[in-house]
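Visitor: I'd like a close look at one part of this model. Could you walk me through the sheet and the charged pairs that go with it?

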Amino acid sequence: SSHNPTMQQERLLKVLVIGDLGVGKTSIIKRYVHQIFSQHYRATVGVDFAFKLLNWDHKTVVRLQLWDIAGQERYGNMTRVYYREAVGALVIFDMTRASTFQAVLKWKGDLDSKVALGNGRPVPAVLLGNKCDQLSTGLCSKLPKLENFTRDHGFVGWYETSAKDNTNIDAAIMCLVESIMAVE
Ligand code: GTP
Ligand code: MG
């Protein structure tokens, strides 16, 4: 095409990836950014970062800055610093562990109490039920209808994901970026 690259604008989007210990935050990011998965669990300490460039439309390049927040940070007091200037969040639980689903509202509450959009509205957040490749463990039948839960608690969408099998990772992140880009 004949577009002039100097006419492209770049948008930097700071996106938080939050949820309890071991739910798969780092794995989802590694799958999304590097197309890799490891069974090996190494807990994140503090915060980690990853970037991904998206050719959004003919005049916009999106630079996604993913903030991989350690699950153990929910008990610390650094989240206020980490959340600053974020424009969206992926809130993740592990579909095989009910306690991680119960923690979702704690993470969402922590998020909404510490960061908001310029107009005071909450930042868009998408809910991810990860490890859906392991649903044979039977927790899913005990989950409330995620459709209703998502609406009642102000999420813009929800997905069952697997970092292992690469299920719905792109779709979930695309949903979030679309919500963020629609804000302006
Ligand atoms: P913290 O950094 O401690 O907060 O954990 P985390 O949320 O970053 O979890 P991490 O990505 O390190 O994954 C924890 C464990 O779950 C690892 O052993 C991963 O291999 C495993 N895991 C992550 N995603 C999936 C998945 O979709 N399916 C399966 N079966 N295992 C997964
Ligand atoms: Mg991690």
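Guide: Here is a tour of the sheet, strand by strand, followed by the salt bridges.

Keep in mind that this is a predicted model. The sheet is an open one of six strands, ordered β2-β3-β1-β4-β5-β6, and its pairing is mixed. At the edges sit β2 (47-57) and β6 (157-160), each of which pairs on one side only. From one strand to the next, the twist averages 20°. As background, strands of a sheet pair through backbone hydrogen bonds, either parallel or antiparallel.

Let's zoom in on β3, since this strand shows both senses of pairing. With β2, β3 (residues 60-69) runs antiparallel, and 10 bridges join the two. Going from β2 to β3 along the chain, you pass through a hairpin with two residues as the connection. If you want to check the register in your viewer, pick Leu-53, whose bridge partner in β3 is Arg-63. Another pair to click on is Val-47, which has Ile-69 as its bridge partner in β3. With β1, β3 pairs in the parallel sense instead, over nine bridges. There, Val-15 has Leu-66 in β3 as its bridge partner.

How covered is β3? Mostly: nine of its 10 residues are buried. Helix α1 (residues 25-34) lies across β3, and also across β1 (9-19), β2, β4 (88-94) and β5 (125-130). Relative to β3, α1 runs at about 155°.

Now for the charges. Side chains of opposite charge can pair when their charged atoms come close. Across the whole structure, a search finds seven salt bridges. The ones to look at alongside the sheet involve Asp-94, which is linked with Arg-97 and Lys-131 in a network of salt bridges. Asp-94 meets Arg-97 at 3.1 Å, N to O. Asp-94 also meets Lys-131, this time at 3.2 Å, N to O. That second pair links distant parts of the chain: Asp-94 belongs to strand β4, while Lys-131 sits in the loop between β5 and α5 (146-152), 37 residues apart.

Which members of this network are buried, and which are partly exposed? Asp-94 counts as buried because its relative accessibility is 2%, below the 20% cut-off. Arg-97 reaches 33%, so this residue counts as partly exposed. Lys-131 is partly exposed too, because its relative accessibility is 24%. So in this network a buried Asp-94 is paired with a partly exposed Arg-97 and a partly exposed Lys-131.

For a local pair to set beside that, try helix α4 (residues 104-114), where Asp-112 and Lys-108 lie four residues apart, about one turn of the helix. Asp-112 forms a salt bridge with Lys-108, and the closest N and O atoms are 2.7 Å apart. In this pair it is the lysine that is covered: Lys-108 counts as buried because its relative accessibility is 5%. Asp-112 counts as partly exposed, because its relative accessibility is 33%.

Definitions and conventions
Residues numbered from 1 in each chain as written. Chains lettered and ligands numbered in written order. Predicted model: local features only at pLDDT ≥ 70, side-chain atom pairs only at ≥ 80, totals over all residues. Heavy atoms only, no water. Pairing = 2+ DSSP bridges. Axes fitted to C-alpha atoms, helices over the stretch in contact; angles between N-to-C directions. Contact = heavy atoms within 4.5 Å. Salt bridge = Lys/Arg side-chain N within 4 Å of Asp/Glu carboxyl O. Buried < 20%, exposed > 50% of the residue type's maximum accessible area, 1.4 Å probe, protein only.
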